[in-house]
Amino acid sequence: MSAVNAKTKFDEGRLMQVLVAPIVSEKATMIADKTNAVTFKVLQDATKYEIKAAVQLMFKVDVQSVAVLNIKGKTKRFGKSIGRRDNIRKAYVTLKPGQELNLGGETA
């Protein structure tokens, strides 16, 4: 990541749409415990820089790194007809040490 792109200003309206939903699964929880990383479903055309800026804007935390993963949708049968699941783009957002992001909504 170059220093030039890290300083780029993004449209705040766009950043509010980049993060589609948090992914709460057994695998995502194990990763969160081990590496202090949070998993999000993001827009197909979202960049790492946009994802980092969006997380920092919405949750007020410091982001160390962002890893992005594209998952192709599976072809599934529904009775006689054949359907297809949507393609998904996941972002693993690693937070800096000492930072915490609580997606559960419960208070301590």
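**Group meeting talk: a walk through the predicted model**

Starting at the N terminus, the elements of the protein chain follow the order α-α-β-α-β-α-β-β-β-β, which comes to 4 helices and 6 strands; helices here are DSSP runs of H or I with at least four residues, strands are DSSP runs of E with at least two, and both are numbered from the N terminus. Please keep in mind that this is a predicted model, in which local features need pLDDT of at least 70 and side-chain atom pairs count only at pLDDT 80 or more, while totals for chains, interfaces and linings use all residues. Residues are numbered from 1 along each chain as its sequence is written, and side-chain values use heavy atoms, with hydrogens and water left out.

Let me begin with the chain as a whole. Of its 108 residues, 26% are buried, where buried means under 20% relative accessible area, exposed means over 50%, and partly exposed is in between, with a 1.4 Å probe and protein chains only. If we take contacts, meaning heavy atoms within 4.5 Å, and keep those with a separation of 6 or more, then 62% of them join residues 24 or more positions apart.

Now to the interior. How many residues does the largest nonpolar core have? It has 18, and a nonpolar core is a set of buried Ala, Val, Leu, Ile, Met, Phe, Trp, Tyr and Cys residues joined through side-chain atoms within 4.5 Å. Those with the most contacts inside this core are Leu19, Phe40, Val42, Ile51, Val55, Val93 and Leu95. Two or more residues each come from α2 (12-18), β2, α4 (48-59), β3 (63-71) and β6 (88-95), and the largest share, 4 residues, comes from α4. Valine 55 makes a good example, since, once neighbours within four places in sequence are set aside, its contacts are Leu19, Phe40, Lys60, Val61, Val63 and Val93.

Two residues bring α2, and the loop before it, into the picture. Phenylalanine 10 sits in the loop between α1 (3-6) and α2, and with a relative accessible area of 29% it is partly exposed. Not counting residues up to four places away in sequence, phenylalanine 10 touches Leu15, Tyr49, Glu50 and Ala53, and its C-alpha lies 9.0 Å from that of alanine 54, although the two are 44 residues apart in sequence. Methionine 16, which lies in helix α2, is also partly exposed, in its case at 44% relative accessible area. With residues up to four places away again left out, methionine 16 touches Leu57 and Met58, and from methionine 16 to alanine 53 the C-alpha distance is 9.8 Å across 37 residues of sequence.

Next, a strand residue: is threonine 94 buried or exposed? Threonine 94, in strand β6, counts as buried because its relative accessibility is 19%. Beyond residues up to four places away in sequence, threonine 94 touches Thr35, Asn36, Ala37, Val63, Gln64 and Ser65.

One of those partners, asparagine 36, deserves a remark of its own. Most residues other than glycine have a negative phi. Asparagine 36, in the loop between α3 and β2, has a positive phi of about 60° although it is not a glycine, and at 26% relative accessibility it is partly exposed. Lysine 60, in the loop between α4 and β3, likewise has a positive phi, here about 55°, but lysine 60 counts as exposed, at 66% relative accessibility.

A glycine appears in the hairpin of β4 and β5, which has 2 residues between the strands, and there glycine 79 takes a positive phi near 70°. Strands β4 (residues 75-78) and β5 (residues 81-84) run antiparallel and are joined by 4 bridges, where pairing requires that DSSP finds at least two bridges. Within this pair, lysine 76 stands opposite glycine 83 in β5.

I will finish with the side of α3 (26-35) and β2 (37-42), each of which supplies at least two residues of the lining of the largest pocket, with α3 giving the most, 4 residues. The lining by class has 9 nonpolar, 6 polar and 2 charged residues, where nonpolar covers Ala, Val, Leu, Ile, Met, Phe, Trp, Tyr, Cys and Pro, charged covers Asp, Glu, Lys and Arg, and polar covers the others, Gly among them.
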